[in-house]
Amino acid sequence: MGDCIFCKITAGESPSYKIWEDDFSLAFLDLFPLSRGHLLVVPKRHVDRLTDLPKEHHGAMLGAVAELCRRVERLAPDYNVGVNQGAIAGQIVFHLHFHIIPRYPDSPGFPKARVRLDPADAESLVKILSAQ
Ligand code: AMP
Ligand code: ZN
């Protein structure tokens, strides 16, 4: 889909800290995490938003999100799962993605400034989250 960054990631043309994939979807770390372990789950085929995803793929999408939730619980029992749909709702990348954002008791809010993912920590998160 043109210059869509998530299409480039799913095609392997742009780098990502990949955690999980199946035929339908891919999960990777958010490059500007709201918390440690913030990740994204995306369908491999481009759709802008959830209501563009064909019905026959709803099960695969939710299954992928649930699988990544199970893995995020290795980091934190509490987390947010969310989708921004449309610019006013905060969507910046117009390729459907589910955010999974761990929440920690010692940092209950979200940071005001987004800091780029630390590569060393990213490698250690990939190890934790990509294990079966
Ligand atoms: P949204 O505001 O829901 O569209 O979220 C887009 C998310 O994608 C943001 O949290 C960004 O930090 C994240 N993001 C943007 N580019 C990349 C990238 N190349 N790799 C990983 N995450 C990205
Ligand atoms: Zn795309």
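**A walk from the zinc site to the helices**

Let's begin at the metal: Cys4 (SG), Cys7 (SG), His46 (ND1) and His95 (ND1) are the protein donors of the zinc ion (ligand 2), at distances of 2.0 to 2.3 Å from it. Keep in mind as you look around that this is a predicted model. The angles among the 4 donor atoms run from 105 to 118°, and the site of the zinc ion (ligand 2) is tetrahedral. Along the chain, the donors of this ion follow the spacing C-x2-C-x38-H-x48-H. Distant parts of the chain are linked here: Cys4 belongs to the segment before α1 (5–10), while His95 sits in the loop between β4 (79–82) and β5 (98–102), 91 residues apart.

How accessible are these two donors? Cys4 has a relative accessible area of 10%, and because the cut-off for buried is under 20%, Cys4 counts as buried. His95 is buried too, with a relative accessible area of 0%.

From the loop that holds His95, it is a natural step to strand β5. Here 5 of the 5 residues are buried, so β5 is largely enclosed by the rest of the structure. Its side chains can be followed in two directions: Phe98, Ile100 and Pro102 point one way, His99 and Ile101 point the other way, and all are buried. Which strands does β5 pair with? One partner is β3, which pairs with β5 in the antiparallel sense over 3 bridges; in β5, Phe98 has Val41 standing opposite. Another is β4, which runs antiparallel to β5 and is joined to it by 4 bridges. There, Gly82 stands opposite His99 of β5.

Now move over to strand β2, where you will find Leu26. Its relative accessibility is 3%, so Leu26 counts as buried. What surrounds it? Setting aside neighbours within four places in sequence, Leu26 is in contact with Ile9, Thr10, Lys18, Trp20, Glu21, Leu40, Val41, Val42 and Lys44. Val41 is therefore a residue you have already met, as it stands opposite Phe98 in β5, and the buried Leu26 touches it as well. A pair to check in your viewer is Leu26 and Met61: they are 35 residues apart in sequence, and their C-alpha atoms are 9.9 Å apart in space.

Met61 takes us to helix α2, where Met61, Ala64, Val65, Glu67, Leu68, Cys69, Arg71 and Val72 are buried. This helix has 15 residues and reaches 21 Å from its first C-alpha to its last, close to the 21 Å expected at 1.5 Å a residue. What do its buried residues pack against? They pack against β1, β2, β3, β4, β5 and α3.

That last partner, α3 (residues 119–130), is our final stop. It has 12 residues and spans 16 Å between its first and last C-alpha, close to the 16 Å expected at 1.5 Å a residue. Its buried residues are Ala122, Leu125, Val126 and Leu129. Viewed down the axis of α3, these residues fall within an arc of 105°, so they line one face of the helix. The general reason is that an α-helix has 3.6 residues a turn, so residues three or four places apart point the same way. On the other side of α3, Ala120 and Lys127 are exposed. As for the buried residues of α3, they pack against β1 (18–21), β2 (25–29), β3 (39–43) and α2 (58–72).

Key: Residues are numbered from 1 along each chain as its sequence is written. Chains are lettered from A and ligands numbered from 1 in the order in which they are written. This is a predicted model: local features need pLDDT of at least 70, side-chain atom pairs count only at pLDDT 80 or more; totals for chains, interfaces and linings use all residues. Side-chain values use heavy atoms; hydrogens and water are left out. The expected span of a helix is 1.5 Å times one less than its number of residues. Buried means under 20% relative accessible area, exposed over 50%, partly exposed in between (1.4 Å probe, protein chains only). The arc is that of the directions from the helix axis to the C-beta atoms. Contact means heavy atoms within 4.5 Å. Donors are N, O and S atoms within 2.8 Å of the metal (3.2 Å for Na, K and Ca); water is not among the atoms, so sites may look incomplete. Four donors count as tetrahedral if all angles lie between 85 and 135 degrees; four count as square planar and six as octahedral if opposite donors are over 155 degrees apart and all others between 65 and 115; anything else is irregular. Two strands pair if DSSP finds at least two bridges between them.
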